[in-house]
Amino acid sequence: MPLIEHICQISRHNPPDILELIAKFKKYTILQSFMAKDIILNIANQIPRLSFWNKLFALILLLLGIILAAGGGWLVALGGNWYYVLAGIGLIISAVLILMKRTSGAGWFALVFVGTLIWTIQESGLDYWRWVPRFALMLILGIVFAFQLPNLAPRVSRGASRALAAVLIVAFVV
């Protein structure tokens, strides 16, 4: 019910009680504030437009996620590591969120990337050659992701995106 109509109803049925009117107005204002915040957050968390490359990247993440989750499930059934199932699910969530134009898809990818890095260090120590089979694919995806970051998370500048890509490229080469 709009505020004006509500105030008119109160004043018709009861003598105007200024405290009650103020309380109703505050309640209405707080409700409007929450609704406005929700609308602003939804708009801020939306990706304005997905490019062909963003869609292709998301589809690649989805395919890799399905493969990792399925293969990881088989590995777990044989008594193996849970990493592949978790990474696969994370990539699937990231891909779906990106395809839904949600900026949180970028956060999910970053979470899987960092999780993979931690898992690689835990599994292999600091031996470079043992990192290659565990981390190379994720590092390549990270480089591609870094270049797409300004589209997937509009708050990230192109300069920051390129700097991140450069760091990842150096990490890949070294």
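**A walk through an all-helix chain**

Reading along the sequence, you meet the pattern α-α-α-α-α-α-α: the protein chain has 7 helices and 0 strands, where helices (H or I, at least four residues) and strands (E, at least two) are DSSP runs numbered from the N terminus. Bear in mind that this is a predicted model, in which local features need pLDDT of at least 70, side-chain atom pairs count only at pLDDT 80 or more, and totals for chains, interfaces and linings use all residues. Residues are numbered from 1 along each chain as its sequence is written, and side-chain values use heavy atoms, with hydrogens and water left out.

Let's take the whole chain. Of its 174 residues, 29% count as buried, meaning under 20% relative accessible area, with exposed being over 50% and partly exposed in between (1.4 Å probe, protein chains only). The chain exposes about 11,200 Å², and carbon and sulfur atoms supply 74% of that; the areas come from the Shrake-Rupley method with a 1.4 Å probe, and for residues only the protein chains shown count as cover. As for contacts (heavy atoms within 4.5 Å), 57% of those between residues at least 6 apart in sequence join residues at least 24 apart.

Now go inside. The largest nonpolar core has 28 residues, and the members touching the most others are Phe57, Leu61, Phe109, Phe113, Met138, Phe145 and Leu152. Such a core is a set of buried Ala, Val, Leu, Ile, Met, Phe, Trp, Tyr and Cys residues joined through side-chain atoms within 4.5 Å. Helices H3 (52–77), H4 (83–99), H5 (104–124), H6 (128–152) and H7 (158–173) each put in at least two residues, and H6 gives the largest share, 10 residues. For a look at one member, try Phe109: setting aside residues up to four places away in sequence, Phe109 touches Phe57, Leu61, Leu91, Ser94, Met138, Leu141, Gly142 and Phe145.

Ser124 sits in helix H5 and counts as buried because its relative accessibility is 5%. Beyond its neighbours within four places in sequence, Ser124 is in contact with Arg130, Trp131 and Arg134. A polar atom of the Ser124 side chain lies 3.4 Å from the backbone oxygen of Arg130.

Back on the outside, Ile140, Val144, Phe147, Ile169, Val170, Phe172, Val173 and Val174 make a nonpolar surface patch of about 720 Å². H6 and H7 each supply at least two of its residues, and H7 gives the most, with 4. One of the patch residues, Val144, belongs to helix H6 and counts as partly exposed because its relative accessibility is 35%.

Key. Patch = residues over 30% accessible without salt bridge, like charges linked within 9 Å, V, L, I, M, F, W, Y side chains within 5 Å. Salt bridge = Lys/Arg side-chain N within 4 Å of Asp/Glu carboxyl O. Polar contact = N/O pair within 3.5 Å; in protein donor to acceptor, adjacent residues only side chain to side chain.
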